[in-house]
Structures are given as C-alpha cells and as structure tokens.
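Colleague: Got a moment to go through this model with me? I'd like to start in the middle of a sheet and work outwards.

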2 protein chains.
Amino acid sequence: MLQEDQWFTEICEEGGSAFSLELKSKLHEERTPFQRIEIFDTQTFGHLMIIGGCTMVSQRENFIYHEMMSHPALFTHNRPENVVIIGGGDCGTLREVLQHAEVRKATQIEIDERVTRLAERYFPELCTSNHDPRAEFFFVDGIRWMQEAEADSLDIIIIDSTDPVGPAEGLFTEAFYEDCYRALRSGGIIVQQSESPLYHLELIKGMHQSMRSAGFDSSRTMQFSQCIYPTGWWSCTLAGKDCDLETFREADCNRRDFVTRYYNAAIHRAAGVLPEFVQVALKAT
Amino acid sequence: MLQEDQWFTEICEEGGSAFSLELKSKLHEERTPFQRIEIFDTQTFGHLMIIGGCTMVSQRENFIYHEMMSHPALFTHNRPENVVIIGGGDCGTLREVLQHAEVRKATQIEIDERVTRLAERYFPELCTSNHDPRAEFFFVDGIRWMQEAEADSLDIIIIDSTDPVGPAEGLFTEAFYEDCYRALRSGGIIVQQSESPLYHLELIKGMHQSMRSAGFDSSRTMQFSQCIYPTGWWSCTLAGKDCDLETFREADCNRRDFVTRYYNAAIHRAAGVLPEFVQVALKAT
C-alpha cells in the first residue's frame, strides 16, 4: 500500500495503470493561470516536476527525452540554424539544441513562465544554456505565435508539450501543423512528443495523417524508454517539408563535440525501427 | 489515491518506484511450496499473474517479452533443434519456440508445476502448444537439472525466470552458466531475462562477466519495452558458445511462416543497439 504522503502517484485513466515515485519531501506547489505545478524531491529520481497531476520531468531520466526530442531532428536537418521550441519550459530541450554549433537562434515559446522559473530553481542543470546569446524566450501561447510566425523562416520546430489535453490540445491539430509548415523553410522538420506506442497508437496514427494533410511530405515515429511516463514507453513523431527523414548526418553525429548519455548514431537508426504491431497500424494510415 | 482493493501495486524497493494496474477482480490465490501466486482480472490488461508480489505476465503485453526471449536467439542459432527453457512456467516462451519448424525438442524445466497449471486455466492462449509432441515438461529445479544435463546436447537454453531473488537467484551465477556451457553443443546460445537497463545495469554487467568467465566467447544484451516490469524497460542477455551473436538468419526471419506482433528483422537489429550510457558501462566490463 502506497502512503499518500510518501509517494507521488500518476494514474493513467485510459490505460488503467499508475506509476508512483517515492518521495522525500514536497519542495513547492502553486497554481498558475494555466495549471497546477508541484515540485517534489524523490528518494531515487532527484527532483520531480508535476504539472496538472502528471509527471513532467525528473532529474534521473530526463536526459533520454531531451536528447531524443532534439538530436534526431537536428542531425536529420541539413543545416539547422533557426530552431523554435514550443513548450519545453524546463529548458532541457533548449540546452540540447544549443549544443549544436550550427544553431544560430533558438526561440522558446512556453505559455507558462512559471515552469521556466521553477526549472531555473529546481532543475538548474537543465537551464545552463538559458543565457546563451542564441537563446530567446517568449512566454506566450505557442499556437498563436506560430500563426503569426514569418513564412519560410524556421528550420526546426520542436513541440515539447504536455499531453494533448488542456493547454496543449491545440498543438495536435492539422491547423497547427499547417501553421508550422508555412513557417518552415524548405528542408524543415517538426518533431513532437507523441505519447505511448502501447496506449496511444490511434493518436500517433492521427498525427501522421494530420501532418501529411497539412502538407508535410514525410513523417516518421521514433521510440524510446521513458519510465516516468505511462507504460514507460514513449515516442516522438517527425514530419519533413521537402526533407528525407530516413537519412541523417551520421558523420557529423559521430564527430559531435558534446556528450550524450542516450543518443548516438546507432540509437538514431534503432529508435526509428518500429515493432510489428506499430508498423502494421501506421501502414494502414 | 489508489484503493487497495481496486488496484494491484508492485513496489520496486531499490528503484523507489511502483507500478499499478486497475483490477476487476481477484480470480485465484494460493501459496505453493515455492511461492505465492495470485491471478487477477484487470480493467485493461486482461488476466494478470503475480508471483511473490511481482507482476509476471499479463494478457495485454506478454507478447513482447515472449517474442524477445525466443526469436532473437532462435534466429541467431544456425539450426536450433534442441531447446531447453528454464522457468517459463506460463508457457508463452515455449509457444514461440515451437513456432520454429527446425525445433525437434523443447524441454521446459519449471520448478513450480502450479504456475503451469494456472497458466493453462487463466492464460490458455499461451498454452496452445503444450500438447505439441515436441514439448516435454519437467517440474524440477532447473539448476540441478542443468548440473545433470548431458554434455554437448543442447542448442539453446532460455532462462525465463523471476527476478534474481528467491528460487531464481542461483540462475544468475557463474556456476549455473558453467553448467549451461557444458550442456550446449558448439554453436549453442543461452538467453536470459536481464532486468531493467535503468535500474539493474550492475546486474547486467555482472551477467556479462560471469557468462564470459564461464566460457562463453560472446555476450550481448538486447532491450525492449515491457510496461508491467519496473521502469517499463527490460532486457535479455545472450551468450554464445563458438557462436557469432552479431549476425542472424535474416532471410529465414523474413520468410517466417508465423505471426509476430513485436519482433521482426529490423527489431532484431535495433534491440541490440544500446544507449550510450549502457554501452559505456558494458564496455568497462
């Protein structure tokens, strides 16, 4: 039996499952205009950020998610100079993006400034690049920002959002993908977190369909393990504008001058290999 | 808050995490001479078998584990005719092994006959090959059985056991691997479930060391998602006796005449690709 004051539990209603982490203490709690944010210190996962009752990021395993949301897309793009992150308030994805020397500008559009302020305080290791002169922050609605973005101006859009309910719901729509498509230069890529292959296969199918309908000529799902999210099995889905997503700058990847803990060239290829049941489902789209 | 009568929860003490499944009802409970077994009907995972408080097998996702414990080893071996399964009482691995037409004999050594009897009742789909004339069952201690096994008689040994505590502890020792090595013919392979890459990296390292010390000239870990086990990220580790584990019978795999839901040739290659931190840890062994 899990004592409520000693464990944080996220119930995944539609999955009929729950995941819990053992706590040391609650460090912070607040209700922002957008959502409720809690920060815990855990027994074995370091600091843990909860948004709207869902685990967002822990110090122990966030490296997997942040590396997989950034490096596959950035090493697939020919020359990623102008990168936009929608969401990503904990700044971990931004940090990975700025490891790429080709990047000249990384703009983070997080609707809730408090996520970033709390990350700076409780996840300082994710925020080490926040003062990089190439980084720019806007705390506004990413959907509206993208509607107003200059056409043919961006190389990569990383949609690092919460689940497709609440503030993030509009980020999983064809209308949003159309705005992204318009804002991307030729050769551009979007990459979006796309939930669990076991629980959310229909969502992933729908994302491929919507991305293709919005104009993208290629789309591809990559998978990885992420134990604090439902099923511990997570994915991101990429879509390309005049861009082959099946190849990547492997030589550049192998001679990268920064440290990764999850990603490497072999993982890049392997993450794009999908289990038989996922392949069959996506082929039917 | 999870109501105890509505959820089954497995706490992973050393991980500081827990995984829970929502229940419909308890179908069975007994204490055998070896362990306590419970069977539940869950809301979304079908029937669920618990041994010693740990989730063993559910109807929803066991296909991943059973396919990964069998097909990579069987398609790596040149001609797997004589296969032994240590543990594997739910019979799901046996069923996958017997899909291979080359297999002439599959012997299952499960210490606790009740596991198999309960699987026949509550997981009948896993037991569809139990009456295959090539299948033979012994309900005895696998460690002793392997000590007495004829030398140079087996092609593949699958160690499909519970965690390395209690009855299964002796299955993770160099002494047991030495007995396996002796019992294998040249070209033979052992494959063993090897826990979570995130939580049990030291165990995996130790397995490689022990397998090599026992005489095996090659060893290799493969990973896959398995959401009912701690971290939802699981692995198996193979070791070969005069056998190259890096190649496999890919053409045979592609023209297999049975259905898989997780495994395919690309997954075979991808599952053997390890994240940077795992690679670094195993290189140091």
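Colleague: Let's start with strand E9 (residues 154-160) of chain B: how many of its residues are buried?

Modeller: Bear in mind that this is a predicted model. A residue is called buried if 20 or more other C-beta atoms lie within 10 Å of its own. By that test E9(B) is mostly covered, and the buried count is seven of its seven residues.

Colleague: Take Ile157(B) as an example; is it buried or exposed?

Modeller: Ile157(B) is found in strand E9 of chain B. Leaving aside residues up to four places away in sequence, it touches Val84(B), Ile86(B), Cys180(B), Leu184(B) and Ile190(B). With 29 other C-beta atoms within 10 Å, against a cut-off of 20 or more, Ile157(B) is therefore buried.

Colleague: On the E6 side, which residue of E9(B) is the bridge partner of Ile86(B)?

Modeller: Strand E6 (residues 82-87) of chain B pairs with E9(B) in the parallel sense, over five bridges. Within E9(B), the bridge partner of Ile86(B) is Ile159(B).

Colleague: And towards E10(B), which residue does Ile156(B) stand opposite?

Modeller: E9(B) and strand E10 (residues 184-193) of chain B run parallel, joined by five bridges. Opposite Ile156(B), in E10(B), stands Ile189(B).

Colleague: What is the handedness of the crossover that links those two strands?

Modeller: From E9(B), the chain goes through helix H5 (residues 174-183) of chain B before reaching E10(B). That is a β-α-β crossover, and its hand is right-handed.

Colleague: Now the helices. Is H6(B) parallel or oblique to H9(B)?

Modeller: Two packed helices are described by the angle between their axes and the distance between the axes. Helix H6 (residues 201-213) of chain B packs against helix H9 (residues 276-283) of chain B with the axes 10 Å apart and an angle of about 40°. Under 35 degrees would count as roughly parallel, and 65 to 115 as roughly perpendicular. The angle here falls in neither range, so H6(B) is oblique to H9(B).

Colleague: Which residues of H9(B) take part in that packing?

Modeller: H6(B) passes H9(B) in a right-handed crossing. On the H6(B) side, the residues are Leu201(B), Lys205(B) and His208(B). They meet, in H9(B), Val278(B), Ala281(B) and Leu282(B).

Colleague: Which element gives the most to the side of chain B that touches chain A?

Modeller: The contact involves 36 residues of chain B and 36 residues of chain A. Strand E1 (7-12), strand E2 (17-31), helix H8 (265-271) and H9 of chain B each supply at least two residues of that side. With six residues, the element giving the most is E2(B).

Colleague: Over to chain A, then. Which are the edge strands of its seven-stranded open sheet?

Modeller: The order in chain A is E8-E7-E6-E9-E10-E12-E11, with mixed pairing. From one strand to the next, the twist averages 15°. Pairing on one side only, the edge strands are strand E8 (135-138) and strand E11 (218-225) of chain A.

Colleague: In E12(A), what is the bridge partner of Ile190(A)?

Modeller: Strand E10 (residues 184-193) of chain A and strand E12 (residues 233-240) of chain A are antiparallel, paired over five bridges. The partner of Ile190(A) in E12(A) is Ala239(A).

Colleague: Which strands of that sheet does helix H6 of chain A touch?

Modeller: Helix H6 (residues 201-213) of chain A packs on the sheet, and its direction makes about 10° with that of E12(A). The strands touched are E10, E11 and E12 of chain A.

Colleague: One backbone oddity: what is the phi of Cys91(A)?

Modeller: Most residues other than glycine have a negative phi. Cys91(A) sits in the loop between strand E6 (82-87) and helix H2 (92-97) of chain A, and is buried, with 28 other C-beta atoms within 10 Å. Its phi is positive, near 75°.

Colleague: Where is Thr231(A), which also has a positive phi?

Modeller: Phi of Thr231(A) is near 75°, in a residue other than glycine. Thr231(A) is buried, with 25 other C-beta atoms within 10 Å. Its place is the loop between E11 and E12 of chain A.

Methods: Residues are numbered from 1 along each chain as its sequence is written. Chains are lettered from A and ligands numbered from 1 in the order in which they are written. This is a predicted model: local features need pLDDT of at least 70, side-chain atom pairs count only at pLDDT 80 or more; totals for chains, interfaces and linings use all residues. A residue is buried if 20 or more other C-beta atoms lie within 10 Å of its own, exposed if 12 or fewer, and partly exposed in between; C-beta atoms are placed from the backbone. Helices (H or I, at least four residues) and strands (E, at least two) are DSSP runs, numbered from the N terminus. Two strands pair if DSSP finds at least two bridges between them. A crossover is right-handed if, with the strands pointing away from the viewer, the path from the first strand over the helix to the second runs clockwise. Axes are lines fitted to C-alpha atoms, for helices over the stretch in contact, and angles run from 0 to 180 degrees between N-to-C directions. Angles under 35 degrees count as roughly parallel, over 145 as roughly antiparallel, 65 to 115 as roughly perpendicular and the rest as oblique. A crossing is left-handed if the near helix is turned anticlockwise from the far one by less than a right angle, and right-handed if clockwise. Two residues are in contact if their C-beta atoms, placed from the backbone, lie within 7 Å.
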